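Student: Could you walk me through this one? I'd like to start with how the chains go together and then look at some side chains.

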Protein chains: 2
Amino acid sequence: MIDINQVIESLDWSKDPKGLYEPIGYTLASGGKRIRPTLAMIASSLFGGKEEEVLPAALALEVFHNFTLLHDDVMDRAEVRRGRPTVHVKWNDNTAILSGDQMLIEAYKLLSHVPTDKLPQVLQWFNTMATGICEGQQYDVDFEQKNEVSIAEYMKMIELKTSVLLAYALKIGGYIAGANPAQLESLYQFGLHIGLAFQIQDDILDVYGNPETFGKAIGGDICCNKKTFLLLTAFEKADPQSKAELQQWLAISNRNQEKIAAITAIYDHLGVRAAGETAMEEHTTLALAQLDTLPQNEATAQLRSLAERLAARKK
Amino acid sequence: MIDINQVIESLDWSKDPKGLYEPIGYTLASGGKRIRPTLAMIASSLFGGKEEEVLPAALALEVFHNFTLLHDDVMDRAEVRRGRPTVHVKWNDNTAILSGDQMLIEAYKLLSHVPTDKLPQVLQWFNTMATGICEGQQYDVDFEQKNEVSIAEYMKMIELKTSVLLAYALKIGGYIAGANPAQLESLYQFGLHIGLAFQIQDDILDVYGNPETFGKAIGGDICCNKKTFLLLTAFEKADPQSKAELQQWLAISNRNQEKIAAITAIYDHLGVRAAGETAMEEHTTLALAQLDTLPQNEATAQLRSLAERLAARKK
């Protein structure tokens, strides 16, 4: 398979004006798992698609994903991304806004190279996906201010914010390669469920990850009262006493190490980790079941192994 | 002709999440001249195009234009737009960034309704136009820090920042209606030149406009040392003494009324206003000449009258 990293590195951002394009090159050169373009390429190869036909859409998905990170980092005031200063830190907010805008446009420029007969449908799905991401981001912001968030609302939010991009990467890849509607739906559902499993696993690792392999500080979500799968499950499972304790700790904004230890203890008491692991395994199983309806070849094996690795990952 | 304002007002932004869509509705409801969609509609009617076929692209251009204003206002820290608080003032910066992003995506959603056979070309031109706007905005930012900006560089910047959107609005409208390549080029050039004339007129009005009809304070560009057509022309025409005086006044950042009066006097002395008016009239003439190569009908008359009104405007 084409080396996606190599293709991304070969994109030329040395154009003028430098202030617009350099931050785009910087963002795209910072690595990452390239999981979205990889999913599109695998979905295409599953149906014997030509690599050069799916490549523009695959790249568009990766550029789009990196655009969302760039603007999210401004909104979250994040200072580091993948071990390097974020664009708004290295340059400034205005650069991050404008170069981010251009990056979104660059995604559509790449998309315009999708084979003409497939372009109208791909553009429509891409737009739906992009809208989902923005809506998911807004719900995530809204949840910070909202007192009661149900697990169903949380799952809807992470579906929009994380899963929809994976699902459409697969669906678009398969569509360009000529998959039929039932197969496209299977690919889409596979993507949705691995995305949900991935996000729940993320929430679990933030509390129960190994500090040496996790790559960031343990308990970050707890410190900032982030409404994660674990916290919402804890509220759902809590007896009145545990609920009162939880609320007490949420009201405390210093004493971080104590807070992490106390809330983790409540999670342990309520069996929240096991609930998370069960949910994650359920979504992984649902994802894997979709693969049974698809042609069985090397690409299907790659998707299976990818789902299993995501579920078993430690960082 | 379809009432563009009415169509824009009929777009539904009452969707969830409200925090994402309300600022889009607010921005689009704030009026404006709707000149870009109007140009696309006129260009289409010039070639007997069907209104419903050009309408999605026309709306996409207007939504895109308003997206640029939304993000520009954040970057410029502008507090008022069309007499109302800007989005980042009424809500906050993060809302302005995210709703702006969604607005750009909404433009592409509208664009996806362009007739299928015309979509690949229209998408490509739209992307080129959008890229031009971002590049123009970056050059404008760069110019603030740059000591020497030539008039040629300035013209290139306003071509990107202002003209290209007008030019592509006309070209896309004509293309969807079936105009031939020579006619599309004439439409494009007409748009470029009215855009340049418009921007030069803007620079003149900022200094020489009638305070009662101009709608904003006179001398705003002078106060903030903005490199306008007038200032760059003044530097080009200045004898050593005038140049020294100009530079002295540029170094002063308080005493605004005195500064406006002094720099205006230098402009008067150097004949800068007349140079601006000549340049503006030249571009208007160049624009009007393009119309001679196009079919002569009611639409051509509308374009002619529009160019003449832009050149004669007082605000």
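Tutor: We can go through the chains, a helix and some aromatic rings in turn, keeping in mind that this is a predicted model.

Student: OK, so what turn lays chain B on chain A?

Tutor: A turn of 180° with a shift of 0.0 Å along the axis does it, and chain B then lies on chain A with an RMSD of 0.0 Å. The two copies are therefore related as by a two-fold rotation axis.

Student: And how many of the contact residues of chain B recur in chain A?

Tutor: The figure is 100%, and the same surface serves both copies.

Student: Switching to helices: how far does H7 of chain B reach?

Tutor: Helix H7 of chain B, which covers residues 119–145 and has 27 residues, reaches 40 Å from its first C-alpha to its last, and this is close to the 39 Å expected at 1.5 Å a residue.

Student: How many residues of H7(B) are buried?

Tutor: In H7(B), 19 of the 27 residues are buried, so the helix is largely enclosed by the rest of the structure.

Student: Now the rings. How many aromatic pairs are there over all chains?

Tutor: The count comes to 19 aromatic pairs over all chains. One of them joins A:Trp125 and A:Tyr175, whose ring centres are 5.0 Å apart and whose planes stand at 75°, so the pair is edge-to-face, as angles over 60 degrees are.

Student: Which helices do A:Trp125 and A:Tyr175 lie in?

Tutor: A:Trp125 lies in helix H7 of chain A and A:Tyr175 in helix H8 of chain A, so the pair ties together parts that are 50 residues apart in sequence. Both A:Trp125 and A:Tyr175 are buried.

Student: What about B:Tyr139 and B:Phe143, how are their rings placed?

Tutor: Their centres are 6.5 Å apart and their planes are at 40°, so this pair is tilted. B:Tyr139 and B:Phe143 are 4 residues apart in helix H7 of chain B, which means that about one helical turn separates them.

Student: Is each of those buried or partly exposed?

Tutor: B:Tyr139 is partly exposed, with a relative accessible area of 23%, whereas B:Phe143 is buried, with a relative accessible area of 5%.

Student: Which residues do ring pairs link into a cluster?

Tutor: The cluster takes in A:Phe64, A:Phe67, A:Tyr108 and A:Phe126, together with B:Phe64, B:Phe67, B:Tyr108 and B:Phe126.

Student: Last thing: where does the charged end of A:Lys15 sit?

Tutor: The charged end of A:Lys15 sits over the ring of A:Tyr21, 4.6 Å from its centre, and in chain B the charged end of B:Lys15 sits over the ring of B:Tyr21, 4.5 Å from its centre.

Terms used: Residues numbered from 1 in each chain as written. Chains lettered and ligands numbered in written order. Predicted model: local features only at pLDDT ≥ 70, side-chain atom pairs only at ≥ 80, totals over all residues. Heavy atoms only, no water. Least-squares fit on C-alpha atoms with pLDDT ≥ 70 in both. Contact = heavy atoms within 4.5 Å. Helix = DSSP H or I, 4+ residues; strand = E, 2+ residues; numbered from the N terminus. Expected span 1.5 Å × (residues − 1). Buried < 20%, exposed > 50% of the residue type's maximum accessible area, 1.4 Å probe, protein only. Phe/Tyr/Trp six-rings, centres within 6.5 Å; stacked < 30°, edge-to-face > 60°. Lys NZ or Arg CZ within 6 Å of the ring centre and 35° of its normal.
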